[in-house]
Amino acid sequence: MVGDVGDIVSVDGGTPPYVVVGFFTPNYRPLAQNLARDLAETGNPYHLIAREKGSATWRNVVHWKPEIVLEAMDLYPQSSIILLDADSSVRGSLAPALDFTGDISARAKLRLTNHIWPFRQKTVLHISSRSMVFRPNERVRKFLADWRDELRTAPYHQGGCEMAMRFVIMRSIGLAFCPMDPRYSGLEVDQAPGDAVVVHSSASRTAGRN
């Protein structure tokens, strides 16, 4: 149901194999409603969670992601959770995004860079949180709790929430991560392939940051 207040939810009982989850503050509700419409038209079960912004900054709001997924896992303990940003668009079924081996899937990108002095090449790993799939198990719950705690306590400068997420993934022994098929990874709409199922259009560029 899409209403003027509260969560935007399609799941009504049962145990779907997956639930698409997102969250939004009040001025992002129109974006969440657009996403809900996409999900309904493409047959994807969803629960988009409403949150008051309060005194939180844009950076703080982004840091809510692990808590939102943990909340969704409590609501749907036997379903995989697909986390999407509210400013995403969906063009088809997301069921194929569950076709991976492991606990967590997200877009992973390696970039080759050069150190000027001393000269050497290195690779930089980026893992995106725009579109992520989480299996319903205790390894994932621990990862999410550790990600949440890292965001609260890390001494390094936070660049959104993804720096903390990458640190935690790299030290989560026993957690199996799998790179996501780019079609489902939420690439920017002007960069996504023609067969992309999930695309992203950064709302902060036009609507302000939450």
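The protein exposes about 10800 Å² of surface. Carbon and sulfur atoms supply 52% of that area. The model is a predicted one. Of the 210 residues in the protein, 49% are buried. The fold contains 5 helices and 10 strands. Among contacts with a separation of 6 or more, 72% link residues 24 or more positions apart.

Start with the 7-stranded sheet. This sheet is open, and its strand order is 1-3-2-4-7-6-8. The pairing within it is mixed. Strand 1 (8-9) and strand 8 stand at the edges. Each has a single partner strand, so one side of each is left without a neighbour in the sheet. Strands of a sheet pair through backbone hydrogen bonds, and the pairing can be parallel or antiparallel. Both kinds appear below.

Now look at strand 2, residues 18-24. Strand 2 has 7 of its 7 residues buried, so the rest of the structure largely encloses it. In a regular strand, side chains alternate between the two faces of the sheet. In strand 2, Tyr18, Val20, Gly22 and Phe24 point one way. Val19, Val21 and Phe23 point the other way. All of these residues are buried, whichever way they point.

Strand 2 has strand 3 (residues 46-50) as a parallel partner, with 5 bridges between them. Here Val21 has His47 of strand 3 as its bridge partner. Strand 2 also runs parallel to strand 4, and 4 bridges join these two. Two positions mark this pairing. Tyr18 stands opposite Ser80 in strand 4. Val21 stands opposite Leu83 in strand 4.

Move on to strand 4, residues 80-84. How many of its residues are buried? The count is 5 of 5, so strand 4 too is largely enclosed by the rest of the structure. Both of its faces are covered. Ser80, Ile82 and Leu84 lie on one side, and Ile81 and Leu83 lie on the other. Every one of them is buried.

Strand 4 also pairs with strand 7 (residues 120-134). This pairing is antiparallel and has 4 bridges. Leu83 takes part here as well: its bridge partner in strand 7 is Met132. Leu83 therefore has a partner in strand 2, Val21, and one in strand 7, Met132, and it is buried under the cut-off of 20% relative accessible area.

Next comes the strand 8 end of the sheet. Strand 6 (residues 104-115) pairs with strand 8 in the parallel sense. The two share 3 bridges. One position to find is Ile104, whose bridge partner in strand 8 is Phe177.

Helix 5 comes next. Its residues are 162-170. Its buried residues are Glu162, Ala164, Met165, Val168 and Ile169. They span an arc of only 155° around the axis, which places them on the same side of helix 5. What covers these buried residues? The cover includes strand 7, helix 4 (138-153) and strand 8 (177-179).

Met170 also belongs to helix 5. Is Met170 buried or exposed? Its relative accessibility is 57%, so Met170 counts as exposed. Met170 joins Leu110 and Leu125 in a nonpolar patch on the surface. Together the three have about 310 Å² of accessible area.

A second sheet is built from 3 strands. This sheet is open, with the order 5-10-9 and mixed pairing. Strand 5 (88-90) and strand 9 (187-188) are its edge strands. Each of them pairs on one side only. Strand 9 runs parallel to strand 10 (residues 198-200), and 2 bridges join them. Leu187 stands opposite Val199 in strand 10.

Finish at helix 3, residues 65-75. Asp74 is found in this helix. Its relative accessible area is 55%, and exposed means over 50%, so Asp74 is exposed. Asp74 and Pro136 are 62 residues apart along the chain. Their C-alpha atoms are separated by 9.6 Å.

Methods: Residues numbered from 1 in each chain as written. Predicted model: local features only at pLDDT ≥ 70, side-chain atom pairs only at ≥ 80, totals over all residues. Heavy atoms only, no water. Patch = residues over 30% accessible without salt bridge, like charges linked within 9 Å, V, L, I, M, F, W, Y side chains within 5 Å. Areas by Shrake-Rupley, 256 points an atom, 1.4 Å probe, with all protein chains shown as cover. Salt bridge = Lys/Arg side-chain N within 4 Å of Asp/Glu carboxyl O. Buried < 20%, exposed > 50% of the residue type's maximum accessible area, 1.4 Å probe, protein only. Pairing = 2+ DSSP bridges. Arc of directions from axis to C-beta. Contact = heavy atoms within 4.5 Å.
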